[in-house]
Every structure is written in C-alpha cells, then in structure tokens.
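Biologist: I am new to protein models, and I would like a close look at the part of this one where nonpolar side chains gather. Please go through that part slowly, explain each term as it comes up, and then set it beside the rest of the chain.

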Amino acid sequence: MGDESEWIKLPIDQKCEHKLWKARLNGYEEAVKLFQRIEDEKSPEWGKYLGLIKKFVTDSNAIAQLKGLEAALSFVGNAHVAGKTAGEVVSGVVTKVFNQPKARAKELGTEICLMYMEIEKAEVVQDELLKGLDNKNPKIVVACLEALRKALSEFGSKIVTLKPVVKALPKQFESREKAVRDEAKQLAVEIYRWIRDALRPPLQNINSVQLKELEEEWVKLPSSAPKQSRFLRSQQDLKAKFQQQSAQGGGESDGDDEAETVAAVDPYELLEAVEILAKMPKDFYDKIEAKKWQERKEALEAIETLTKNPKLENGDYGDLVRALKKVVGKDANVMLVALAAKCLAALASGLRKKFGTYAGQVTPTILEKFKEKKPQVVQALQEAIDAIFLTTTLQNLSEDVLSVMDNKNPSIKQQASLFLARSFRHCTQATLPKSILKPFCAALLKQVNDSAPEVRDAAFEALGTAMKVVGEKAVNPFLADLDKLKLDKVNRSASSGPPKKGKAAAAGGGKAKKTSDNKEVIETELSPEASEELASRVLPASCLQQLDSSNWKERLASMEEFQRAVETMDKVEMPCQALVRMLAKKPGWKETNFQVMQMKLRVVTLIAQRGQFSKTSASVVLDGLVDKVGDVKCGGNAKEGLTAIGEACSLPWTAEQVVSMVFAQKNPKNQAESLNWLANAMKEFGFAGINVKGFINNVKTALGATNPAIRTAAIALLGVMHLYMGAPLRIFFEDEKPALLAQIDAEIEKMKGQSPPAPVRFTRKAGADEDGDEGEEQDEDGGGGAGHDIMDLLPRTDISEKITCDLVSKIDDKNWKIRKEGLDEVAAVISEAKFITSNIGDLSLSLKGRLGDSNKMLVQQTLTILQQLAIAMGPGLKHHVKSLGIPVITVMGDIKPNLRMAALTTVQFFLSCFGEENKLPTLRTVPVDLMLCVPPLYACLEDRNGDVRKKAQDALPTFMMHLGFEKMSKAAGKLKSGDARQTRRSCQGRRRERLRGD
C-alpha cells in the first residue's frame, strides 16, 4: 500500500507513464473521464498528452492496454491536435494491438484507425495499414485487411485510395495462412462493391480457383450502388443529408452521387505500368526494314506481344512510333499494315494522354491508308485512330481530318466521316464549340452531295451525331443550304444515333419504378430493417411474430394469415420485395415442415401474380424455389412459383437464372425437374427471347451427367427446342456419343410433323391496369417465336480472323493443288464454327474467282462450300448474294451435267436462307431489279433451243403478275420490230389465259 500512496496523488499525465501497471491503469481510467469532460477541442489540456497517446496503445500490460485504447479513442475523437499523432499511434496499433489475442483490443484498435480517418487522416492510416500487410505475423496481416475492409465499407472509395490496396491484394492471395487468404477474399468482395469490373484486370493472375470463388461472390452482390455511411468531419452536410434520408425510410437518393461512386475508379489507374522499351528485341529496327516480309512480321509480332500490357510506362517511343508509321504507310503487305496498326492502337491505349505527342505524326498516315479496302486492314486502322483520338483532342486532329475530306478516294472520305461520327460521341457541348464544328460541317455538307452513296451515308451519320451531341440549335445554322430531304436524313440519323448518357434511374426505399422504355419494374435492394418496416404496414403483427416460431403449427398459422393478407392487398401498394424477404427470414427456405413450406411457396406464387414483382424481388426467392423444385411434396408448388415469376419478369430471364442456379448445385433431382419445368414453360410461353447459346451449353452439361433422370430430362427439353428451332439444333450435338445421339434423334423424330403450340402464358407489362387488365405482352406471332426468324437466335461465330491473307492467297494461287488446299481449309473452318456471322472478309471474292476455275473439280468443290456457307450463315448470306449469285448462275451453262446440277442446288440453298417473307408472292412492292430480268426473258423466248423457249413461256405469267401487262408490253417495244411483234403476241396470249383462269 505504501507504493500506491506514492503514485495515487500524481497528476493524470504522470500516472499514464508510471512504471507500475496499476498506476497506468488508474491514469487511463481518469484520462477517459477527463477527455469526456473537456468541451473545448482546442483546450491547452490536450497538448499535455500529445506525446503519451502512443504509449496508451502500446502498453505492455494487457489489462492496462485495453483501458489505454479506450482513452486513446476518446482523445482522437475529441482533441483538435489529435491528427498530429496519427502516424505513430496507428503504427503502434498495427504492431502492438493487432497481434493481441483479445478480440476487444483489436476492435478498439480498428476503431482508433477509423476515427483517425474521420478526422481527415485517411492517407496516414492507410499507409500504416498497408505497411502492416508486410508483417510476418499473420494475425497482424488479417487485422490490417479487416481494418481496410471496414474503412472502405464505411467511408467509401472516395476516401479510401484503392490503387495501393488493389496492388497489395494479389500477394495476400498467395499467403500460406488460410485466414489471410479468406480476409483478402472479403476485402476483394468489398472493393468490387465500389468499383465493379475495374477490379478484374488486376486480379486476373491470381489462382484460378480463388478467382472462381471471387466471381461467385461478386455475382451475389446487389446491383445497386453502395453508399458512404460514415463521414469525415468536413462532410457534416452529407452526414445530415444521409441521416435525413434514413429517418424517412431511405427516400429518393441522388442518382448523380451513386453514378459518381461507381465511376470514381478507372480500371487503368489500378494497373501497374509496364516498361517495354528495354524489352524490345535488339534487332527490331533491323528486322522491320528487312526485305523478307516474314522477318518484318516477326519484328511486329514481338511488339504486339509487349503492347498487350494494358498500361505502359512512359518513355521515348518516338523511334518505335516512326517505325510503325512507316509500315502502315508504305509496306506492300496488307497483313503487316494491319498488324502495325494494331500495335499503334495498343500503344495509344497503354500510354493514354502520354501518347498525345505522337498523335499528329501518325494520324495523316492512317487516314491516307483508308484507301485500302480489305476489311481486316480497315478495322485495324479504325481501332488505331479511335485509340489515338482518346489521347488528344479533336481540335489537335482537325487539320489532318479536314485535309482528307476532299480526297478523290471515296473510301478515305467515308472513313474520315465515320471517324468524326465516332469522335463526336465522345464530345460534349464544351469540347465541341462552334469554332471546331463549323469547318467540319462545311466539309461534311460537300460530302452529302457526293456521287458515292457510302460517302453520303457517312456524312449524314456524322452530322446527325453532331446534332445529337450539341443540339439542333447549334448545328442548324450550318445546314441552311440543305434541302428538306437531306435535312430529314440528318434528323433521322440524330434520332437513331447512340443515346447520350443520362442520369441513372434510382428507386429509393425499395419502391418500384417503371422505366419508360421497356416498362420493366426497377427496384433497389431493401435492407432487413426497411423490409420489416414495410411488411409491418401490411401484415398483422401476430403474423410477423410467429414467422420464426419454433413451433411448426404457429409457423403454419402465420403463413395462412400471410396468404389471406396478400390475397386482399391492393396491387399498387403491395411491397413485393419486403414480403418475400419476410418469407426468407429464418428458417426461410430451410423450413423442415413440408406443410409450412408448401404454404410459403403458394404465397410466393400469389405475390408474383398479384403484385408489381421485380427481378430484385425474384432474386430473393429464386434460390429457394430452385432448391425445392425436386422435392416430392413441394416440387409442384415450386414450379408454380417459377412460372409465376416467368410471367412477371419474362421467361428468358427466369429460365436463365434457374438453369445457372440449379447447375451450380449437385442435387440430381433438382436438375432433372428444373429441366422438365423449362420444357413445359417453353410450350406455355413460347420461344421468343430465349438465350439459345446458354441453354445449349447447359443441355450439353446435362447430357454428360451420370444420373439417367437428368439425361432423360435434357433429351426431352431438346425435343421441345426442336419444335421451335428445327434441324439446326441437332448440329450442336453432332459430337455426342453415338448411343446418346441415337436417343436425341429418337426424341426429335417424335416431334416431326408437329408445330409449336400457341402460347398460353405471357409476360405481364409493368403498367397493367388495376381493373384486371393484365396487359399481356404479346408479339405479333403470339409470343411463340414463330414470327421471328429462328436462325437469328442461333449463336454465331465470327470467322473473319481465320480468313487470313495467307488463306486468301492460297485460294488465288496459280497452282491448282494449293488452290484446293486453300478450299479444304475454308471448308474445315466453316465446319468447325457450325454457324457463322456474315463477316467473312475477302472470302466471297476469292470463292467468286474459283467459280470460273479452269479445274472443274475445284468449281464443284467451291459450289459445295457455298452450300455449306448458306447453311452456316443463314439470312446473313444476303450481304454476299450480289457478288456470288451471278457467277453461280453462270455455272448452270457448263457442259458437265454434274456441275449444272450442283449450281442449281446451290441457288436453292441460297433461296432457303431468305425465308418465305422474301419470296415474290409475299412481297408488297416489286423489287427494282425484277425489271432488269425482262430483256433476258424476252431473249429466251426467241432462243433456238425449244426447251429454253418453253421455260421462258412458263415464266412469262409470273413476271406479268408482278409487273403488269403494260410494263411488259412497253419493254417488248424496245426489241427489234419482228421480235417485238412476236413477244407482244406471247404476252397477250398469256394475258388472255390468265383472264380466263380468273
């Protein structure tokens, strides 16, 4: 007791640094009281403790340290001078508190860090926490990661600088300690909430299993933008606004703030810059000048590999840019031109504004090179000039662009106008003033009168885009000389151009809103508290109290009460999301009593049918419904719920969610029954809007399942899909095992002769009336998809990259064996892709040449490839018929019967691509080209060959039906007098026959 009498009378600050731990403990306790009593944050009393706060948090005695942490927290929260201690105190917390076994010590340490951030010391705190990530003690690393996560969660990405945090993350995923890896995963999920896909590039190199786990967690995150919940001392106005909104139950939020939060971080800023100049091959500048194109290609490929890094270190790229510019401008090999353009695009993207100094050097060369017509080259040049534009300003490039607007080459003029159109989309009224717009409009006005239609169309697009960006008032003075027809085209281009970015629609408090475009119900995610509050307004108190009762009978009674309440609720006032969140409350979808679960599923169906049910609400319940779809007692109710959600949110969306969820499970019953539900739903709703590619991939997974029920359900689903898709469906499954393929064929055979049933269910429009008008959303074809070309639903592959310059050269080679080798490669490419887009590069021109090949075997092979192309490309073939149609018809005049028959078959394949609606009897207006066929028809009427004359006579009534007797007779007047009389007689005879027939 004698020792106690020595220190008990000491001042508080001296007690706090006494050698006895009890003295220090007493000092900390009194300090807490003192700090709470001092009302003036600038009181000189605070200054006495400036040098002691670090000792508070690093006390060697665990009991005293806890009280010291409380005192330190009180000091930081109240003292004006506390910011001066941030660095040393947080460092002490990291090294001496985060390694403590007591959870309370860690909590106080974390709270001290957050308090320092609140008093404007976020940068200092973050630096110390990041240093802690390099500590050898895993406990400290875990605590630092947790503190960073909490800081980001509360203060948001505008206060926490994410670049250094993201940079440090990959190393934590490599830690041997599971606790470190798990906390790193939680931090990555939190970061993703704030910056979304910007986080993906920096984490692409972590372990694939960890990346997959992260992807799964990211998908679960709500789509709504996160909000800052804790504020700096300088943000008290925002704090007051936030508290006001919370008091009002989460009222309307500021859409601008949310948009800014999400867009605050640029993915580029999170990446580490890579230095590539030192890594360039030492012989690059020698090889790029080599006579052999293979050596030049090798040099460019080395640069292409280096420039694939998305962010490049600044340096002197002048020599490299000049070398690439020379290849673009002067190299005779178009493949190398395209490769050099890709390198320039990658350099501009990797350097961004730092590339701006080189923009003026390469832009004229790229614009001049647009005279090249090969699609691969044009695309590469477009990508290059677009990337370069983003590194500079339109004003800096204006002189170069205007200089080529009067070029004699129409391709250059067209591409220059298209470049302007794309550039205008990145501009605003401020960055596109009249001083810049005026010369561009003057140049474009000349082009709208150009003889080349592609040049005129590009000019209209550019003018329309400019009008969309700066408004009619700014552009119209420059269009005074345009006639009404051309002005209308500009206006149409403006109205059909890409929409400008506007404010994101935000729905506060979970209240449903309907967008004006698609009438879809948009709803923000509700917190548990907000859900309970909204539900309490429409449900009886006893119902809510018994939802989580331990007695199943009480839970059942609660659900019956819940159902009665939903049945009597007004549709507009029904808080759908709040209600389904109440259903998901513990025990939620883990309910063990089947009667309660059946009732719960019925209530979900009722809510989806009667309320304004959104996809946000559906996301709350879908997992539970899918989990019960295979249940013997509850499966039927679960399927009814899924169908009701399909009516509320559309079948394509619902089906996609169900399939992705069920195949993430391992329950074979759920997988089989989900596929059975989907097959039945397709018959009820029709096929319109279904994601064919996604379902085909899932069906393939199901076909490979070991459980026979899953395979049977998958085959049954294929049968239903075949009703809508027809023969093209089977092509996707040709690689399956013969036994399985035989089962698929047997199922398809059952469906032959059947037509798709008329839809009996439809997606309800969000704006349906209360008067019982469901507002069924029904296409002209009844929603079944029959009115749409089902070929448009097929997933198609772009094979343009495989149609290389080397392959085209092979097809055009002098040696017939090499030409055959090229055709074999083309056939293999098309066969592998199965269904392709219309983008096939220069292949159509090369195939056109082969139709006149001296080697008849190659002509036969070319016709076979064209038939293959028609099947693979479908309606997209119309883009190539003009170049290929006449050469194919020419082959019909060949001496060899097999070639004539192959040409006729090819024409029939071409015709099958265009559907019934493009055939003459169904067309409302006659194609202009039909009149061009009349002179050859008349020539055939006078042919020496009797068969030719007979076929021409048979064709005459069809032409007359569409063109009329007057036009046909007038066309006959242009023939020689003898031929004209004979032809007129034939026309009159056919006319009389037709009239008698009528």
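Modeller: What follows begins with the whole chain, turns to the nonpolar core and one helix in it, and ends with some other sites. This is a predicted model, in which local features need pLDDT of at least 70 and side-chain atom pairs count only at pLDDT 80 or more, while totals for chains, interfaces and linings use all residues. Residues are numbered from 1 along each chain as its sequence is written, and side-chain values use heavy atoms, with hydrogens and water left out.

The secondary structure of the protein chain comes to 50 helices and four strands, where helices (H or I, at least four residues) and strands (E, at least two) are DSSP runs numbered from the N terminus. Of the chain's 998 residues, 48% count as buried; buried means under 20% relative accessible area, exposed means over 50%, and partly exposed lies in between, with a 1.4 Å probe and protein chains only. Among contacts with a separation of 6 or more, 71% are between residues 24 or more positions apart, a contact being heavy atoms within 4.5 Å.

Now to the part you asked about. A nonpolar core is a set of buried Ala, Val, Leu, Ile, Met, Phe, Trp, Tyr and Cys residues joined through side-chain atoms within 4.5 Å. The largest such core has 87 residues, and the members that touch the most others are Phe562, Ile607, Phe613 and Phe733. Helix 38 (residues 708-725) gives the most to this core, with 11 residues. If you centre your view on Phe613 and leave aside residues up to four places away in sequence, you will find that Phe613 touches Cys576, Val580, Ile607, Ala608, Ala618, Val621, Ile645, Ala648 and Cys649. Apart from this core lies another, of 84 residues, which includes Tyr49, Leu66, Val90 and Leu148.

Helix 38 itself can be followed from one end to the other. At its start, a side-chain oxygen of Asn707 comes within 2.8 Å of the backbone nitrogen of Ala709. This is a polar contact, that is, a pair of N or O atoms within 3.5 Å; within protein, one atom must be able to donate a hydrogen and the other to accept it, and residues adjacent in sequence count only if both atoms are side-chain atoms. Of the 18 residues of helix 38, 13 are buried, so the helix is mostly covered. The end C-alpha atoms of helix 38 lie 25 Å apart, which agrees with the 26 Å that its 18 residues should span at 1.5 Å a residue, the expected span being 1.5 Å times one less than the number of residues. Just after helix 38, Gly726 takes a positive phi of about 75°.

Elsewhere in the chain, Thr363 sits in helix 20 (residues 356-369) and counts as buried because its relative accessible area is 0%. A polar atom of the Thr363 side chain lies 2.7 Å from the backbone oxygen of Ala359. Not counting residues up to four places away in sequence, Thr363 touches Ile385, Ile388, Leu397 and Asp400. By contrast, Pro101, in the loop between helix 6 (86-97) and helix 7 (103-118), counts as exposed because its relative accessibility is 68%.

Charged side chains give another view of the chain. Side chains of opposite charge can pair when their charged atoms come close. The structure holds 45 salt bridges, each being a side-chain nitrogen of Lys or Arg within 4 Å of a carboxyl oxygen of Asp or Glu. In one of them, the closest N and O atoms of Asp894 and Lys856 are 2.9 Å apart. That pair links distant parts of the chain, since Asp894 is in the loop between helix 45 (878-891) and helix 46 (897-912), and Lys856 is in helix 44 (residues 856-873), 38 residues apart. Asp894 is buried, at 15% relative accessible area, while Lys856 counts as partly exposed, at 34% relative accessibility. Asp824 and Lys820 also meet in a salt bridge (3.3 Å, N to O), and both lie in helix 42 (residues 816-833), four residues apart, about one turn of the helix. Finally, Glu111, Glu118, Glu154, Arg230 and Arg233 are linked in a network of salt bridges.
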